[in-house]
Amino acid sequence: MIVIAIDGPSGSGKSSVSKEVARRLGLAYLDTGAMYRAATLWAQQEVGDLTDQAAVADAVAEMPIAVGLDPDEPVFELDDVDVSETIRSTSVSTEVSKVATNLDVRAILRGMQREIIEAASGEDGEGIVAEGRDITTVVAPDADVRILLTASEEARLRRRALDVHGEADAAAVEATKDQVLRRDRDDSTVMEFQVAADGVVTVDSSDLDFEQTVAAVLAVVEQVT
Ligand code: C5P
């Protein structure tokens, strides 16, 4: 039973790397960003006005979410509807920080995340890789392995452009720049995920390809366990 916590900014590669690490070690995989995205989609549908903090928190408290933990296919459902793709839409990406900076929402999701991690690392579970922005510091500060996955701004923008536009030429990078940098800036108002907290190991992936980054994370896991 092992808990591996991985934090990092957008475009650091943390989702794909965390998924692959979970797959190779036979662990469950928790994408906490997807939970914030699902909460945003739910609040858009149920409340509409995301600045109404109390109404948003009430809606999220009752959200009928199913969280997929399979690293091969982490399916997210709201009210039995598969929303795994919808939560990646531009409309959700541009509004997710509004919901993620709502402190009551954070308390609700934090509780759910801790329960999931506890269940996956309990007697019947193999363990879990949980990734996000505040896993190493707030959600699971006692995790066996705590990693901050960083990358230079240039590398992060290039990767995000490739993800979203399928290419990373100057125009595609420029088009993603606003969204990525604004989201990181907004998110930074409620949590620190750009600098490693005490005891958290930094893995800088700026000059590493995917395979090398996975190997670097696995090396940290091996060292610590
Ligand atoms: O990782 P991803 O880009 O999907 O995360 C989407 C958003 O969810 C982030 O921009 C942030 O606002 C929020 N988030 C968070 N805390 C986490 C994970 C994600 O606030 N642990």
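This passage walks through the predicted model, from its confidence scores to the ligand site, a buried strand and an unusual loop.

The structure described here is a prediction rather than an experimental one. Across the protein chain the pLDDT averages 93, and 100% of the residues score at least 70. For the model as a whole, the ipTM is 0.96 and the pTM is 0.93.

The ligand is a good place to start. Around it sit 16 residues, of which Arg 37, Arg 106, Asp 134, Arg 183 and Asp 187 come nearest. Sorted by class, this shell holds eight charged residues, along with four polar and four nonpolar ones. Three helices, α2 (32-46), α4 (90-100) and α8 (170-188), each supply at least two residues of the shell. The largest share comes from α2, which gives four residues.

Several polar atoms of the protein lie at short listed distances from the ligand. An oxygen atom of the ligand is 2.7 Å from an N or O atom in the side chain of Arg 106, a residue that is also among those that come nearest. One nitrogen atom of the ligand is 3.1 Å from an N or O atom in the side chain of Thr 32. The backbone takes part as well: a polar backbone atom of Arg 133 is 3.0 Å from a ligand nitrogen. Taken on its own, the ligand has 460 Å² of accessible area, and the protein covers 99% of that.

Attention now turns to strand β2, which spans residues 28-31. In a regular strand, side chains alternate between the two faces of the sheet. In β2, Ala 28 and Leu 30 lie on one side while Tyr 29 and Asp 31 lie on the other, and all four are buried, so that both faces of the strand are covered. Strand β6 (residues 127-132) pairs with β2 in the parallel sense over four bridges. Within this pairing, Tyr 29 stands opposite Val 129 of β6.

A final point of interest is the loop between β4 (77-78) and β5 (81-82), where Asp 79 is found. Most residues other than glycine have a negative phi. Asp 79, however, has a positive phi of about 55 degrees although it is not a glycine. Asp 80 lies in the loop between β4 and β5 too, and its phi is likewise positive, at about 70 degrees. How do these two residues stand with respect to solvent-accessible surface, partly exposed or exposed? Asp 79 counts as partly exposed because its relative accessibility is 47%, whereas Asp 80, at 70%, counts as exposed.

Definitions and conventions. Residues numbered from 1 in each chain as written. Predicted model: local features only at pLDDT ≥ 70, side-chain atom pairs only at ≥ 80, totals over all residues. Heavy atoms only, no water. Near = heavy atom within 4 Å. Polar contact = N/O pair within 3.5 Å; in protein donor to acceptor, adjacent residues only side chain to side chain. Areas by Shrake-Rupley, 256 points an atom, 1.4 Å probe, with all protein chains shown as cover. Nonpolar A, V, L, I, M, F, W, Y, C, P; charged D, E, K, R; others polar. pLDDT = per-residue confidence, 0-100. Buried < 20%, exposed > 50% of the residue type's maximum accessible area, 1.4 Å probe, protein only. Pairing = 2+ DSSP bridges.
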